[in-house]
Structure formats: structure tokens, C-alpha cells
Amino acid sequence: IFPCVSSNNYAGGLQAMNHLIRLGHRRILFVARPHLDLWPVAERYRAYQDALHLQGLDVLPPLLIGGDTEMSSYEAYANADSDEIAPLIAGLKQPSRPTAIFAVNDWMAVRVQRAISAAGLTNPGDVSVVGFDDLDIAQYQTPPLTTVAQNAHLMGAEAARRLITLMEGDVNREIVTLLPTTLIERGSTAPPGTGNPAHPHQ
């Protein structure tokens, strides 16, 4: 078994969900690609479920959109085929639509924001959005994206330290190292139905 260095995806998911719940959202949807079996995604989804269960709120079935191959470029997500986000657009047009969406990552959050607009709704006036990763694109979205930041520099430094330790023959019993995440509040989240961000754009 090899050591693993990762962000604490579960704790980060709780940060995202607790933020939405504190704002007053009660109908929150989790949106991802069909990768719920991947550990980081599974941990974020587990946090989504647990946060709602703790408050006695309904857990909605996750909305899985797109194909099995993960996209990694801004163009692929921003200009994605409308057919892929059609189920989300349709759901947003229903009277029982969610008032907030927890997107599995920032790339997916970009597509969620696009779907909200395509459904004739506004973000955050009608639907709040939280992403995960705090990629560079997050702060340049309209509105800027509330997201959970991972500390990539710390993750790389810790992984390098663990590798050097391993190469030197020092056996470390700690197999998994989980690093803290930080919620970055921007303009894509607000209390339901207000349209006014709870915090100024950053």
C-alpha cells in the first residue's frame, strides 16, 4: 500500500453544503459526471448526503451528466454540447427545481451556470452554485464562483516529503494524509430568492 496525499474532500464537501444550508437553502442538488465511484467524488457526495441528513432535509438523487470521460479544459465545459446539460436545463424549469446546486468541481460549476442561464434563470437570484477546487476560472465567472479551495502547493510539498521519506527507507505508518480545504465565498451564492450575494464579489 502506497502513501496518499489528498485534500479532505469530505470536510470540503461539508463546508460547501453547510454554507448553502446556512444561507437558507433546503432543496440542494448534487451534480457530477458519472464518476461517483471515484474516491474524491464519493467523499464529496457523502458529505452532501450527511449534511442534509443532519438537518432533516431531503437528499435528492444526484444528477449525473455527460459521458464517462472527464473533461479538463475550459473550452470543453464552457462550450459543451447542449445535449449533455439538457437534463439539468429541464430540471431547472420544473416547479420543484433546486434553489442551490453543489457541483462536483469548478469545471462542472461552469456548466451549471450555463444551464441556469439557458433555463431562463439567474445565478444566484434563482439558483445558487458552489464548486470545488478554486481553479483560476472561478473568480472570472459571471458571477464569480463560490468554491472550496484545495491547497495544491501544500499537497505537492507534502507528497514530495512523503516520497523522499519513503526513498530513505523510513516507514511511515500514516498511509493517507488529508489536507484542509477552505471555502471561498463569492457572488454565485445568496439566500434563496434574493438575488443579492451574501458577500461581495472577490
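Helices and strands here are DSSP runs, at least four residues (H or I) for a helix and at least two (E) for a strand, numbered from the N terminus. The model is predicted.

**Exercise 1. Take stock of the chain.**
State how many helices and strands the protein chain has, and in what order they come.

*Solution.*
Step 1. Count the elements: the chain has six helices and eight strands.
Step 2. Read them from the N terminus: β-α-β-α-β-α-α-β-α-β-β-α-β-β.
Step 3. Add burial. Of the 202 residues, 46% are buried.
Step 4. Look at contact range. Among contacts with a separation of 6 or more, 76% join residues 24 or more positions apart.

**Exercise 2. Lay out the sheet.**
Give the strand order of the open sheet, and find which strands stand at its edges.

*Solution.*
Step 1. Six strands make up this open sheet, in the order β3-β2-β4-β5-β6-β8. The pairing is mixed.
Step 2. The edges are β3 (63-64) and β8 (182-184). Each has a single partner strand, so one side of each lacks a neighbour in the sheet.
Step 3. Recall the general rule: strands of a sheet pair through backbone hydrogen bonds, either parallel or antiparallel.
Step 4. Now go pair by pair. β2 and β3 run parallel and are joined by two bridges. Here Val 31 has Leu 63 of β3 as its bridge partner.
Step 5. Follow the chain between these two strands. From β2 it passes through helix α2 (residues 39-54) to β3, and this β-α-β crossover is right-handed.
Step 6. β2 also pairs with β4, in the parallel sense, over four bridges. Leu 29 is bridged to Ile 101 of β4.
Step 7. Move on to β4 (residues 100-103) and β5 (residues 128-133). They are parallel, with three bridges. Ile 101 meets Val 129 of β5.

**Exercise 3. Judge β2.**
Decide whether strand β2 is enclosed or open, and which residues lie on each face.

*Solution.*
Step 1. Set the cut-off: buried means under 20% relative accessible area.
Step 2. Five of the five β2 residues are buried, so the strand is largely enclosed by the rest of the structure.
Step 3. Sort the faces. One side holds Ile 28, Phe 30 and Ala 32; the other holds Leu 29 and Val 31. Both faces are covered.

**Exercise 4. Place helices α1 and α5.**
Describe what each helix lies across, and at what angle to β5.

*Solution.*
Step 1. Helix α1 (residues 9-23) spans 21 Å from first to last C-alpha, close to the 21 Å expected for its 15 residues.
Step 2. α1 lies across β2 (28-32), β4, β5, β6 (146-149) and β8, at about 165° to β5.
Step 3. Its buried residues include Tyr 10, Gly 12, Gly 13, Ala 16 and Leu 20.
Step 4. Just past α1, Gly 24 has a positive phi of about 110°.
Step 5. Helix α5 (residues 106-118) lies across β2, β4, β5 and β6, at about 160° to β5.

**Exercise 5. Inspect three residues.**
Locate Val 41, Glu 43 and Asn 105, then give what surrounds each.

*Solution.*
Step 1. Val 41 sits in α2. Its relative accessibility is 12%, so it counts as buried. Leaving out residues up to four places away in sequence, Val 41 touches Phe 30, His 35, Leu 36 and Val 104. Its C-alpha is 9.1 Å from that of Tyr 10, 31 residues away along the chain.
Step 2. Glu 43 is also in α2. At 15% it counts as buried. With the same exclusion of residues up to four places away, Glu 43 touches Asn 9 and Tyr 10.
Step 3. Asn 105 lies in the loop between β4 and α5. It is buried, at 11%. The Asn 105 side chain reaches the backbone nitrogen of Trp 107 at 3.2 Å.

**Exercise 6. Check the backbone.**
Find which peptide bonds into Pro 124 and Pro 143 are cis or trans, and what phi Asp 133 and Asp 134 take.

*Solution.*
Step 1. Asn 123 to Pro 124 is cis, omega near 10°. Pro 124 is in the loop between α5 and β5.
Step 2. Thr 142 to Pro 143 is cis, omega near -5°. Pro 143 is in the loop between β5 and β6.
Step 3. Asp 133, in strand β5, has a positive phi near 125° without being a glycine. At 18% it counts as buried.
Step 4. Asp 134 lies in the loop between β5 and β6. Its phi is positive too, about 60°. At 26% it counts as partly exposed.

Methods:
Residues numbered from 1 in each chain as written. Predicted model: local features only at pLDDT ≥ 70, side-chain atom pairs only at ≥ 80, totals over all residues. Heavy atoms only, no water. Expected span 1.5 Å × (residues − 1). Buried < 20%, exposed > 50% of the residue type's maximum accessible area, 1.4 Å probe, protein only. Pairing = 2+ DSSP bridges. Contact = heavy atoms within 4.5 Å. Axes fitted to C-alpha atoms, helices over the stretch in contact; angles between N-to-C directions. Right-handed = clockwise from strand over helix to strand, strands pointing away. Polar contact = N/O pair within 3.5 Å; in protein donor to acceptor, adjacent residues only side chain to side chain.
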